[in-house]
Every structure is written in C-alpha cells, then in structure tokens.
Amino acid sequence: MLAGEKSPLQMLLVKLFAVVPLLALAAAVPFAWGWGLGWVDVGLAVFFYTLTCLGVTVGFHRYFTHGAFKARRGLRITLAAIGSMAMQGPVIGWVADHRRHHAYADKEGDPHSPWLYGTSAAALAKGFWHAHMGWMFDREQTNAKRFAPDLLADADIRRVDRLFAWLTVLTLVAPAVLGGLITMSLWGALTAFFWASLVRVAVLHHVTWSVNSICHMIGERPFEARDKSANFWPLAIASMGESWHNSHHADPTCARHGVQKGQIDVSARVIWALEKFGWASNVRWPNAERLSRKLK
Ligand SMILES: [Zn+2]
Ligand SMILES: [Zn+2]
C-alpha cells in the first residue's frame, strides 16, 4: 500500500505550499480593507480559481481517478496540466492517494479519514485536522505502482507529472504577469500576485481539503455507503459539485456527483459541454435504477 518516504526537500515543499498561501489568506482581510483589491484582481482570481478547480474536479478526480469518461489526448493532457496548477501535488501521486482513500474509506489505510482517532470531542478535533491538512505531513507515500499503474504507463501523463515544478511556477507567475500587463503597472502585478495567485491557491486548497474533512463528518447521507461520506450543501458552488460527497462514495465512477434534484454540480455541467464538443465520450451519467438501489 505504501512505497517509500518523502525526501526532506519534498517535506519542506509540502509545508511551504500548504502554509504560505494560508498566511496570504489570513493577511487578505485587512489588506482588502479599503486598498489593494481592484476588479482586475477579482477577475483574475475568479478565472484562475475556476480553471484550476476544474482541473482537479473534472481532471484529477472524475477523469483520472475514477474514469467517469473517456477524453481525447489533448483534453487528457490539458486536464493533467491545469489540475497540477492547483498546487495539490503532481497528478500521479494525487490520483494514487485518492484511490487509496476510496479503497479504505474511513478505515485503517485511508490516507485522510477524520475517524481514525475515535469519536470523543478531542479525537474528532484531531481527526478533523488530520483529514484537512495533517495527513499531507505524513512522511509515507502511497504506492503509485499499486494504485495508479495506468497513469505510470502513460508517457504523456508521466511528462506532465515531471513538469509539476514548472506548472507551479506558472500558476504563481501568470496572474502577476497578466495583472501587470492589464493595468500596465508593477502595483497591478503585485496585487494580482497576492489575490489571484496566493489567496486563490489557499482558498482552493481549503475547499478541496474540506471535502476530505467536513464532507466525511457533517451533512446528509441519503445514499448507502460503506463510510461516513456526507453531502454538505454549503460547499456545492465553491467545490464545483464535489461536496455531494455521499452520492460520490455511493457511486464513485459517476460523472455527476449532485445526482438529486436541485443539487448544483458545475463540474458535471462542464463534462456535459466537453461531451457536446466531442472531446469527452463514454460519459458515465447517473443511472436511475442503480441510484435507487443505493438510496436508503
Ligand atoms: Zn471521500
Ligand atoms: Zn473520489
């Protein structure tokens, strides 16, 4: 299940990636108070948030991890690249961790279950921290040969995986360059870097991590699942449909997570559009009969 340990450099980078954007987020509120946030920053932040979030939800998660649809080569490489730009780790490791999560959901072996320490208040506080961020600081690495052999066998994906450091530079520098060019000022580059690079990465980090923590603790559980996954509606928009997490664990390969009436799922909409354009095919749309069997 595990394979080796992260190197000291990898551990340092994980901490840096997890903590620096968080500090930016903490600084954002006083910074925004009256100065240093313009419409260009907002526009760039929303654009890069949407792009990289979909890279993770449609790409890393629904496509690479669960095979919810088939993608043409161009789309496959694009999804791997923009998902990498979310700074949640290279694609192969991300997928291996997440497949391990489903294989052992909320049991020994799950890399980020909040339920591993018990159910007392103190144990749950510890579990929440572990599921949200703490698990990334574990030294052990998921065995990609066991959990993601398909991606290891794919030369395109191995290449994108190796380019992770450069895609990280790109995701941090591109908003600053655009902000500078649009406003034709260094200040514009600086505020765009702060909002559309650092704060944007931090917000998406915490939304993604909340699916691992909150969505395994709080919410509705309309479907039969072997774990504690739950549908947590307040995160539906920000997570682009991923917070319908109980439905997802009940039917992991389904391209739509918000399968019930009124459940907004932006990622599913995007997959629908990709199918219309002919870039995605064999989409595993919800099956009414399969769903009704899993309803409690
Ligand atoms: Zn889960
Ligand atoms: Zn999943």
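1. A useful term to begin with: a residue is called buried if 20 or more other C-beta atoms lie within 10 Å of its own, exposed if 12 or fewer, and partly exposed in between. Please keep in mind that this is a predicted model.

2. With that in hand, have a look at helix α5. The helix runs over residues 121-132 and has 12 residues. From first C-alpha to last, α5 reaches 16 Å, close to the 16 Å expected at 1.5 Å a residue. Its buried residues are G127, H130, A131 and H132. Among the elements that cover them is α10, residues 186-212.

3. Next, the annotations. The unreviewed UniProt entry places a "transmembrane region" at residues 12-36, 42-63, 75-95, 115-137 and 163-187. In the model, residues 75-95 are 71% helix and 0% strand, with the end C-alpha atoms 17 Å apart. Residues 115-137 are 52% helix and 0% strand, and there the end C-alpha atoms lie 18 Å apart.

4. The same unreviewed entry also carries the annotation "domain: Fatty acid desaturase", covering residues 38-257. Over this span the chain is 60% helix and 2% strand, and its end C-alpha atoms are 34 Å apart.

5. Finally, a residue to find for yourself: H102, in helix α4 (residues 91-103). Why is H102 partly exposed? It has 17 other C-beta atoms within 10 Å, and a residue needs 20 or more to be buried, 12 or fewer to be exposed. H102 and H66 are 36 residues apart in sequence, and their C-alpha atoms are 9.9 Å apart in space.

How values were computed: Residues numbered from 1 in each chain as written. Chains lettered and ligands numbered in written order. Predicted model: local features only at pLDDT ≥ 70, side-chain atom pairs only at ≥ 80, totals over all residues. UniProt positions renumbered as here; feature names shortened; annotations may be inferred. Helix = DSSP H or I, 4+ residues; strand = E, 2+ residues; numbered from the N terminus. Expected span 1.5 Å × (residues − 1). Contact = placed C-beta atoms within 7 Å.
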